[in-house]
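Subject: A structure for you to look at

Hello,

Here is the structure I promised to pass on to you. Please open it beside this email, and then read on for what turned up in it.

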Amino acid sequence: MNAPNAVSSSDTPAFDVAIIGSGIAGSALACALKNSPLSVVLIESGSLANTTPNCENSITGFDPRVCALSLASENFLQSLGVWSSIKALRLQDYQHMHVWDGEGTAAIEFHADEVHSAHLGNIVENRIIVHTLLDSLQMSKVKLLDNAKINSITPLNDGDYCHLINVETERQLNVKAKVIVGADGANSFVRQHFAFKTREWDYQHNAIVCTIETEKPHQNTAWQRFTPYGPVAFLPLANDQLCSVVWSLDKDKAELVKDIPTEAFVKKLQYAFESKLGNVTAVSKHLGFPLVKRHSKHYLSHRVALVGDSAHTIHPLAGQGVNLGFQDVACLSKLIGSLNERGRDFGVTANLRPFERERKAENLMMQNAMSGFKNLFANQSMPVTLIRNFAMSTLDKLPVAKEIVIKKAIGL
């Protein structure tokens, strides 16, 4: 069933902005534009039925898919008016990070008080973020169109409207739009339909995610160990004994663990983490997916823009994927609003170019940094291991340098 402010199929509605995809980036962009003078439609191929998530405080009550939200993302969500709703449902802030080299003796600690902050970030389940964003749209003027399969997008010369989107809901429906924003994920239909050239690199890693219960409390700390086969992270949840696990493994190693019995999986996970929090006493069902670095050569086409995973994907070892997506949304929504206020066409590629320049530079820098870290820790030659351990140990003893690193990571 369509949402209460769903688009009527009795005519051909026209919108300033059509957002394709209601995931985190798409819903956030709709929220960022909901109070603007612009007319906005959010088109989703699946359901937008938005029931309140079950937040039972047990291992089965947590979604294994979580985000490590930076302070910059927290501030952005506050500006959208949804942060208090997220806090009311569930999140876990963390004050410390502990990272160590599994093949050496070096470790590095980050503490919130080193940057005069109450915390370094927040671990939030994906479903909670999407729920609160969609909930904030229910009483807004943003139109919601769900269960909408896009059959075609054709050029349209109808005054200001340049795209005719044909969707199949209960029946055929045409939607006119001045601008389309692709926020439909890593396998973006929008990116492919408009023939955005994209570069892809297989990380040769699969990520395994699950929720675990540990013998010792997580101490409001985000833990990460780098191993020869990929990093394993234990992220604190809103239960002292529960953590969300993101375990990145070489593909051949991931294949060996994905379907093994639970007891054997727990032993391998505990070994990879060096039992830092004691025994793993329980584990949820684990999910696995391949990791691919993807980057669109351009974020703009004729009255089309890409944001979030539609434009770029990144290795999760630093948890920056969603944070980069939020920065895309913040940049694009601010620019569109500014252009509209000044009476300038917010769909012209030349006018949107500042968004592309700013976000491409930031996203590429972060992608390359994560690839560098992955390759650095995958190299187990003795000289590289010694240099790596020396660098980590040295950085840990340089407060000014650490402060710079922390502020960059958390968006201060």
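One definition will help from the start: a residue counts as buried when its relative accessible area is under 20%, as exposed when that area is over 50%, and as partly exposed in between. Please also keep in mind that this is a predicted model.

Let's begin with salt bridges. Side chains of opposite charge can pair when their charged atoms come close. In this model, the count comes to 12 salt bridges. Here are some of them.

Take Glu274 and Arg225 to start with. Their closest N and O atoms are 3.2 Å apart. The two partners sit in distant parts of the chain, 49 residues apart: Glu274 is in the loop between α7 (262–272) and β16 (280–283), while Arg225 belongs to strand β13 (residues 221–227). Is Arg225 buried or exposed? Its relative accessibility is 8%, so Arg225 is buried, given the cut-off of 20%. Glu274, with 38%, is partly exposed.

Another pair is Arg303 with Asp345, whose closest N and O atoms lie 2.4 Å apart. Arg303 is in the loop between β18 (300–301) and β19 (304–306), and Asp345 is in the loop between α8 (321–341) and α9 (349–378), so this salt bridge ties together parts that are 42 residues apart in sequence. Arg303 is buried, at 10% relative accessible area, whereas Asp345 is partly exposed at 32%.

Asp63 and Arg65 also form a salt bridge, with 3.3 Å between the closest N and O atoms. Here Asp63 is the buried partner, at 7% relative accessibility, and Arg65 is partly exposed, at 48%.

Salt bridges can also join up: Arg90, Glu125 and Arg127 are linked in a network of them.

Now for some empty space. The second largest pocket holds about 280 Å³. Which residues are closest to its centre? They are Tyr229, Trp247, Leu249, Tyr271 and Ala272, out of 13 that line the pocket. Two or more lining residues come from each of β13, β15 (242–250), α6 (251–257) and α7. You have already met strand β13, as the home of Arg225. Sorted by class, the lining of this pocket has 8 nonpolar, 1 polar and 4 charged residues.

A good way in is to find Arg225 and Glu274 on your screen, and then to look for Trp247 at the second largest pocket.

Enjoy exploring!

Best wishes

Technical notes
Residues are numbered from 1 along each chain as its sequence is written. This is a predicted model: local features need pLDDT of at least 70, side-chain atom pairs count only at pLDDT 80 or more; totals for chains, interfaces and linings use all residues. Side-chain values use heavy atoms; hydrogens and water are left out. A salt bridge is a side-chain nitrogen of Lys or Arg within 4 Å of a carboxyl oxygen of Asp or Glu. Buried means under 20% relative accessible area, exposed over 50%, partly exposed in between (1.4 Å probe, protein chains only). Helices (H or I, at least four residues) and strands (E, at least two) are DSSP runs, numbered from the N terminus. On a 1 Å grid over the protein atoms alone, a cavity is a set of points where a 1.4 Å probe fits but cannot get out, and a pocket is an open set with protein on both sides within 12 Å along at least five of seven lines; lining residues have an atom within 4 Å of a point. Grid points are joined across faces, edges and corners, and a volume is the space filled by probe spheres set on the points. Ala, Val, Leu, Ile, Met, Phe, Trp, Tyr, Cys and Pro count as nonpolar, Asp, Glu, Lys and Arg as charged, and the others, Gly among them, as polar.
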